[in-house]
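Colleague: Could you take one part of this model and go through it closely? I would like the surroundings of a single residue, then the domain contact beside it.

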Amino acid sequence: MSLKFLQRFNVKDRLLGLIVPLFVLALWQGAVSQHLFSELLLVPPLTLWNTIIELFRSGDLISNIQVSLNRVFLGFLLGGSAGFILGVGMGLSPVINRALGPLVKVLQQVPELAWMPMIILLFGIDEFARIFFIAIGAFYPMIFNTYQGVSGVPEKYHELARVFDYKSFRYLSKVIIPSALPSIITGIRLSIGLSWMFLVGAELFGTESGVGFLMIMGRQMFQIDVVMAGLVVIGTLGLIINTLLKKFEQFVLRGRVSFDGGAA
Amino acid sequence: MDIIVAKDVRKKFKLKHGQQVKNNGIVSNEIDALGGFDLNIKKGEFLVLVGPSGSGKSVFLDIVGGLSTPTSGVVYLDDKPVDAPSEKTGYVFQQYALFPWRTALSNIEFGLESRGVVKEERVKIARELLSLFGLSDFEDRYPYQLSGGMQQRVAIARALATKPEVLLMDEPFAALDAQTREILQNELIRIWEGTDTTVIFVTHSIDEAVFLADRVAVVTARPGKIKEIIEIDLPRPRHGDIRSCSAFAANRHKVWGALKAEVNKAQQDWKHAPVNSK
């Protein structure tokens, strides 16, 4: 197969990914303008687009996005760092692993939503409760991936560290963390991804700001276009965040050919 | 003067739970890797350990390097018992074990960083070593951008950077193809002949042993101990061509003569490979 053929194949592939959504949009717009569905229930794409633009212009959307991003960031910071610290501990010490491993595995089986009553009882319906809820989502991918990376550091690296007298913090920062970095970054990516997923859940109870709040208000006022605009914004922002994190991953791991420690 | 003295070094390994070996009718869940290893190594000599697979050569190297402790017996380095890795030793592994997140230059700096050498000095030392190995144009390359031979050169340079008195090399060229291997042997001997470093080198290759060594220590089949030490009476400096001279063949013959019986014994030893007791 020639390179040209492969490139053409790739372009065709991508076009296919655009054609289908465009087709769906056209069908959708057509169905509404032919009055097959009520415009009140199924807002046509063009109206939806106008609503999004309007929400942008009024500043409503921007300020609520800021609030939501802030929550995701704080939740990730809290849950992610707890997961990271415990993951490193479990990866380095078999004792800590045996002590904490079973507990973490049991707690992981609790569905995220099941935490909500507990959190409300513990913290009430305030900002910290929402951040804590997001933090639980951020915690698991971080602890498991960090643990996997740290416990998978090749034996030879540990020996090299001993030969060259690397101890405590220097050992951690120059050998363990760099070696586990591919896993840790995967953990960060999944962790932020899940934080984003749980954001709306967190904003479902007693909020007065955030993208989730915007959607709830839309529902209460029967503004379907606002609810749908919220969906579009959440999906798009999630995609942007994920793409940025992938770029970040590529940048940090440049120079590494494989994730198992290269030629080691 | 002897820089390293090993006295009656023994090492037992416990088998995994449920495994056992039967040796001379005795059932046991331990394996004797080293069975009374006595060896004196002179300062500045190039000593090569050859022996059948599983004869504990690498175990001995780990003990000298302070990476492993003997079950009994003791190894002295400069008259002090070894109980932890020493600044005086450098280590080269069979798997090059370069860090994939560091460039060639930065991999060589690794050992100097923990010894508190300042950046400019580290870079200077690392560049000198790269140039010694003909790798000056590759200092910014990551390990995956280097051939196997280049990677092992960098790993040797990393070990030499801290100027060790004793360099431990555990089958460093085993993973390389035959031609690259000869080239690296030539380079190693050229570089070593310009230093006063003591080298303990483990290999399976008799040719490699004869070409590099001042003395070849032949290790017995498990449990390993020194069977015989053979002085290699080839002149120095040695060049690659020496491999085809008759004196080389004569030395080779001597080493193989001592080793042959042990290799056969090690083959028989497979009868006693660990089995599950249940």
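Modeller: What follows covers one tryptophan of chain B and then the contact between two domains of chain B. This is a predicted model, in which local features need pLDDT of at least 70 and side-chain atom pairs count only at pLDDT 80 or more, while totals for chains, interfaces and linings use all residues. Residues are numbered from 1 along each chain as its sequence is written, chains are lettered from A in the order in which they are written, and side-chain values use heavy atoms, without hydrogens and water.

B:Trp192 sits in helix α5 (residues 178-193) of chain B, a helix being a DSSP run (H or I) of at least four residues, numbered from the N terminus. B:Trp192 counts as buried because its relative accessibility is 9%, and buried means under 20% relative accessible area (1.4 Å probe, protein chains only). Beyond four places in sequence, its contacts (heavy atoms within 4.5 Å) include B:Gly44, B:Phe46, B:Asp214 and B:Arg236. B:Thr197 is also one of them, and the side chain of B:Trp192 reaches the backbone oxygen of B:Thr197 at 2.7 Å.

An automatic or database assignment gives chain B domain 1 (2-88 + 165-272) and domain 2 (97-163). In contact are 13 residues of domain 1 and 11 of domain 2. There is one salt bridge between these domains, meaning a side-chain nitrogen of Lys or Arg within 4 Å of a carboxyl oxygen of Asp or Glu. B:Arg153 and B:Glu187 form a salt bridge, with their closest N and O atoms 2.9 Å apart. On the side of domain 1 that touches domain 2, β9 (166-170) and α5 of chain B each give two or more residues. The largest share, six residues, comes from α5(B).

Methods. Buried means under 20% relative accessible area, exposed over 50%, partly exposed in between (1.4 Å probe, protein chains only). A polar contact is a pair of N or O atoms within 3.5 Å; within protein, one must be able to donate a hydrogen and the other to accept it, and residues adjacent in sequence count only if both atoms are side-chain atoms.
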